[in-house]
Every structure is written in C-alpha cells, then in structure tokens.
Amino acid sequence: MSTAPTPPAAASRAGMKKELPERFKSYKHVWVFIEYEHGEIHPVSLELLGEGRKLADKLGVELIGAVLGGNRAAMQDAVVEAWEYGADLVYVVADPTLEHYRNDPYTRVMTDLVNNYKPEIILLGATVLGRDLAGAVATTLLTGLTADCTELAIDDEGSLAATRPTFGGSLLCTIHTLNFRPQMATVRPRVMAMPGRTKGRQGRVIEHAANLQEFDIITKVLRFLPDRNSNKVQLAYADIVVAGGLGLRSPENLQLVRALAEVLGGEWGGSRPLVQKGWMEAERQIGQTGKTIRPKIYIAAGISGAIQHRVGVEGADTIIAINTDKNAPIFDFAHFGVVTNAIEFLPALTTAFRKRLSVNRLAS
Amino acid sequence: MHIVVCIKQVPDSAQIRVHPVTNTIMRQGVPTIINPYDLFALEEALRLRDWLGGEVTVLTMGPPMAEESLRKALGIGADRGVLLTDRFFAGSDTLATSYALAQAVRKIGETWGIPEIVFTGKQTIDGDTAQVGPGIARRLALQQLTYVAAVQEVDLENKTITVLRRAEGGVQELKTAIPALITMLEGTNEVRRGTIADVLRGARAELVVWNAQTAGITDVSNCGLRGSPTVVKRVFAPKPRATKAVQIEVGDRDMGTIAEDVIARLYAVQPALEAALLRTAAAY
Ligand SMILES: Cc1cc2nc3c(=O)[nH]c(=O)nc-3n(C[C@H](O)[C@H](O)[C@H](O)COP(=O)(O)OP(=O)(O)OC[C@H]3O[C@@H](n4cnc5c(N)ncnc54)[C@H](O)[C@@H]3O)c2cc1C
Ligand SMILES: Nc1ncnc2c1ncn2[C@@H]1O[C@H](COP(=O)(O)O)[C@@H](O)[C@H]1O
C-alpha cells in the first residue's frame, strides 16, 4: 500500500523474469538531461555525465546529452561543455517557449525526444527543476522512475540497478524498472563525484525542433526573482564546511561555527534540529533532507551523526568530529575525532588556524 | 470552490527500528502521523476555502487504519474525508499510486463537484520521491505547480491562479489556469490547530470509504504491484566504514594544544590544504 519500496514487494517480484516487450528492445543509449538555465549548466548535470559515461561504457552504448533552452547561439557553450564532460552526442532543442523552465513545454519536448530516439536510461538531477520534470515525463511515458539515487550500476542482465535510501535513510534499497523503457533515475547534486573535463573533446550534435507555440502553453512566467543571497549559501559546492548540531546547546553558539568557517574561507551549516528550532535557515541543513555536501574538509561540532545526517556528508574527503560522547555514532564514519566540549574547542581551533595562516602569510 | 488535498499516513520514521539481523522494518508499535509536508498543503487549502468559500476534501490511499489520518485532518478543519483502500493497491510504486489517486480525484469530482485545485505535499517522509504530485497532475491533465511557496491570487471567474514557486536560484511568479495541481513547499504557512468542534466532528464523522471498484477503477492491472514498473530487488543496511575515527588525544591538554594537533593531522592527510587555505581563506 505504501509508496515506499517495501521488503515484501522485493520478495514477491524480485525473482520475476525480465523478458522485455518487443517494442522496447530498440531502446538504446544512456541519456543525461542537461539542466541549463540562465546561461549555465547546473553542475549536477556534469556529475551525471561522469556517472552516465560509466554506465554507457559498461553497456557498450553512447552517452547522450539533451539540452533545452531559448536561444540556440547561447547554448553552444553548453553543448561543448557536455562533450568535454563525456557526451558523445547532444540533442539540442532551442525554442523561445523554452527560455524559462516550465513544466508543460519541457515535458512535451522531453517525451517527444524519447519517443523519437528511444533511450534505455535517462538520468536527471534531483533538483527542483529535475524533480518537477522527471515525475511528469515518467508518468507521461508510463515508465519507472527512481528518485534520489546514491548509486547506479548495470546488472548482469544489462538493466539499471538504482540504489537509494529508504525508510528515512535507515536502509538502502536497489530498484529496477522491469518491462518498461526508458529506465529513469534522479540523483541529488554532489552525490556523485565531479568527473574530469577533457578540453577539446568533441562529439556530435542533433538539432530537434520543439514544435511549440506560446499560445498553446497555459502557464505563464510573470516574473523571476533571483535569490538575493543565492551566491552566499553554496554549501553543496564548498571545499570546507563547518557545521553545528544540538550539542552547541544555544543558537548564539552557532557563531562559533560561523567564525571558524570564515577563517577557513568555507561555508557553514548544521543538523536538521537547528532548522526545526529556527536557529538557522533551511538552506543550511546538511543531510538526507537537506544538502548533500562533498567538501575536502568537514568539521562537525556537537552532531551525533544520525544516519540521515551521515548520508549527506559521507562524500567528504576528511571528516573531523567534535563530540563530548566518545560513543557518538559520528565517530563510526569520521576520520578524526576529538572527544571534548565543542563550545570550548571551536574558538581554540579558530584561533589556532588564524595564527598559522597569518604567520605563514607573512612568511610567503 | 472545491479543493482536494492528498495526504498520506506515514510511520513516524524517527522511531523506525530496523531488525539488526534480518534487516527488515519492525513496524509493530511504530506510531503513525500525517506526512508532515502534507499539513502545509492542508493549511493552504483551508485558508483558500476560508477566503473564497467552498469545501476541502481530504483523500488518502492506505490500509483501513489510514482513516485515523483523515479524522485528524477533519479535526484540523477539512470538510470531508475519503479513504481509498483495497488489497489491489498493495505494493504500488509512485506510478501506480498516482493512477489510483487520480482516479479517486476524478470520482470525487463527479460526486461533489470538480475541484479547482488539487494539493499534495512536497514529498513524503517514507517514500520521499516527490513524484506522486506530478504523477496525478499528468494523469488528470492539470497544470502542474510544484514547490509552491504562496498562492497569491485565485480568480474563480476567469479561472486563473497565480502562485510563487520555488525554482532553481530564485522564485518564479507563475500564472496558469485552474484546475491545477499544487505541491506545497514546507514551512510556508503555520498549520492551525482545529477548533474543539472540528476535533469532535473529526472523531465522529462518517468517512467515505472506496475500494477500487467503487472508486471507478475498472482496470486494476494499473494498480498495486502489477501496475508498478519499478520493483525493489534488494534491501540492505548501509556498509559500516571499516575503520573508526582516529581519536586525537585530549587528556588534560589545553584546547590550544589539541587544536594545533588537529591542524597538524589535517595538513598531514591533505598536503595541499595549507597552500589552498593561504590562497582562499579570509585575510587576517
Ligand atoms: C525523515 C528524516 C529525515 C532527516 N533528515 C535529516 C537531515 O537531512 N539532516 C540531519 O542532520 N538530520 C536529519 N534528520 C534527523 C536525524 O535523525 C537526527 O535527529 C539529527 O541529525 C540529530 O541532530 P544532532 O546531531 O544535532 O542532535 P543530537 O542527536 O541531539 O546530537 C547532539 C550531539 O551533541 C553532543 N554534544 C552535546 N553537548 C556537546 C558539547 N558541548 N560539545 C560537543 N558535543 C556535544 C551529544 O553527545 C550528541 O552526540 C532526519 C530525520 C528523519 C526522521
Ligand atoms: N498513499 C497516498 N495517499 C494520498 N496521498 C499520497 C499518497 N502517497 C503520496 N501522496 C501525496 O503525494 C505527495 C508526494 O509523495 P511522494 O511522491 O511519495 O514523495 C505526498 O506529499 C502526498 O500529498
């Protein structure tokens, strides 16, 4: 009954044979929906090209990007970028109706592309845009869609095995799309590593006509109000992140986290209870229902390390945890631990960093 | 005006326990709640009704015990509760769920008047996909407005609606035609407490209970496991990291010394770090 994947479902259908209906057998190649807005590709699309490349190589097929936008000339940079990040071919759909993202025209174009060129796999970023689009496209095509995957692989039978957290992150499950094509999946930003860029790598491009008329599209964008502080909170892409949890005991002590982040030129955030208590804005929440981060250094102060927090930070290169409880779960996955009072230790760490940085700056 | 709000009863997942050996969910005794995100949708629907007049119907698909969540919603102020329950729905993924719910919304429309707005929450805390809302919108050919932060205007005469929608990097002001489907962003309103009269009414009210057939679903092959293109092949616990954290000695050393120690360890594992910090960190 639940829409959550449940173990009983696994038991009763996991062994089912996957004889793909004849009409789907021609579905081939791995696609990445290239999220392109305001003249830029969302980094999650590049991360997906990296992941899609691996899937395509395993299957021995092509990696293909699909990019939609309003102005063809302006989109050329995006096409080149997609090639350089691994796409063999890019489908470009340029039409004035696609200038700003709207569900209806984007859904129509994507379903049209799929029906024309028949991909076996489509990956989209689990962003606000990607989730809005993926759900509509999958329902229109009546195919399977797995949200917020943390791992993608090709199984022995050549189908997509999409792994995602389930039951509030306490378990993982691997989901397959049986008997339908394409197999669709979304992945949140920063869950996959950013692939390298091969400058000068070239691919092919196919222009596809949108066949849309503005009068035919019911939803109108009256205004777009850019976030005032959108350049400020860049948690997901920060190299250094300092975060606080309930162990900080009062909202004032978040200042200690901010001060350290500032000295390191990094970003700051926190665990979910801090948002629920109104200590900080939701934009700064780290974890399964907040931001996934992948910094070089993650410093967690007074955070217990619940599974929902853990899944959002595990991609960090080095995790340093400060916690008064030596048995806190965060020490199970942190690289370095300091069993002490974070309220006293954070200022000391800030001072020590500041000292070292200024001494060495003078020396150089 | 008629508004339908889709709510789901979910386990209060903070309290979910996983059996350490079998890796299965231990559901016994886990309390259930209305999916917290759905409450923002319900509140927004109630506000619109209070403002423009009309009725709010809450719809849930689930086991018979999901009627509790409907009673709670009535207790908050909804006018009517519809429970969609049938063994045919068991094992539905989001595609099958959106099919059943869309059919039920259609039937609700035939019975009590076509809804101008269908609300869902942003996502559930158990399924957590944010797919069911768009799924219902597509199946009913409704305009799809996801991540709505505020409903600014409803013009019943010209049949239009204007909303603010959270988009990537900013907020879109969108105007579209009703009927529309809105998935409501969390934290955008303050969910009311029902009046005593509402709570009493909620406890006593006759709920509308439909199975697949009475909801007008003739083709049950679109429902439940059979109607779900996705299947769960494996459920497993996350791999524990092989090694635990290296503990930095604390003892009775002063904080400054421990901090120096932490920095030294950090520079040792990330040799390029110091140079990078000197380039990018704030100058002091
Ligand atoms: C569906 C769902 C989604 C969720 N999503 C997220 C999410 O995205 N992100 C998230 O973070 N959480 C999420 N949670 C919540 C998560 O389960 C935990 O409740 C939460 O992460 C705990 O936050 P915390 O570590 O700050 O607080 P606590 O668990 O209360 O831990 C506080 C820690 O601080 C330590 N401490 C106390 N005093 C000090 C001190 N003076 N100095 C140092 N240490 C001290 C304590 O030993 C303890 O380990 C989610 C939960 C659910 C059910
Ligand atoms: N079984 C259900 N009954 C009623 N509404 C549901 C059900 N499942 C999902 N929904 C609605 O769809 C939204 C998104 O759910 P999900 O796609 O599971 O994240 C929820 O917030 C609910 O409003």
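The following exchange examines the two ligand sites of a predicted model. Local features in this predicted model need pLDDT of at least 70 and side-chain atom pairs count only at pLDDT 80 or more, while totals for chains, interfaces and linings use all residues. Residues are numbered from 1 along each chain as its sequence is written, chains are lettered from A and ligands numbered from 1 in the order in which they are written, and side-chain values use heavy atoms, with hydrogens and water left out.

Student: How many residues surround ligand 1, and which chains do they come from?
Tutor: A residue is counted if one of its heavy atoms lies within 4 Å of the ligand. Among the closest are Ser271(A) and Asn323(A). The site is shared between chains because the surrounding residues belong to both of them. The shell holds 29 residues, from chains A and B.

Student: Which residue has a backbone N or O atom 2.8 Å from an oxygen atom of ligand 1?
Tutor: A polar contact here is a pair of N or O atoms within 3.5 Å. Nitrogen atoms of ligand 1 are 3.4 Å from a polar backbone atom of Gly247(A) and 3.3 Å from one of Thr324(A). The contact to an oxygen atom at 2.8 Å is made by Leu246(A).

Student: What share of the accessible area of ligand 1 does the protein cover?
Tutor: Accessible areas come from the Shrake-Rupley method with a 1.4 Å probe. On its own, ligand 1 has 980 Å² of such area. The protein covers 83%.

Student: Where does ligand 2 sit?
Tutor: Ligand 2 lies between chains A and B. A cavity is a set of points, on a 1 Å grid over the protein atoms alone, where a 1.4 Å probe fits but cannot get out. A molecule sits in one if more than half of its atoms lie within 2 Å of its grid points. By that criterion, ligand 2 occupies the largest cavity.

Student: Which residue has a polar backbone atom 2.8 Å from an oxygen atom of ligand 2?
Tutor: Backbone atoms of Ile7(B), at 3.4 Å, and Met61(B), at 2.9 Å, each pair with a nitrogen atom of ligand 2. The oxygen atom is paired with Ala130(B).

Student: Which element gives the largest share of the shell around ligand 2?
Tutor: Helices (H or I, at least four residues) and strands (E, at least two) are DSSP runs, numbered from the N terminus. Of the 20 residues surrounding ligand 2, 3 come from the element in question. That element is S6(B).

Conventions
Polar contact = N/O pair within 3.5 Å; in protein donor to acceptor, adjacent residues only side chain to side chain. 1 Å grid on protein atoms, 1.4 Å probe; cavity = no way out; pocket = protein on both sides within 12 Å on 5 of 7 lines; lining within 4 Å.
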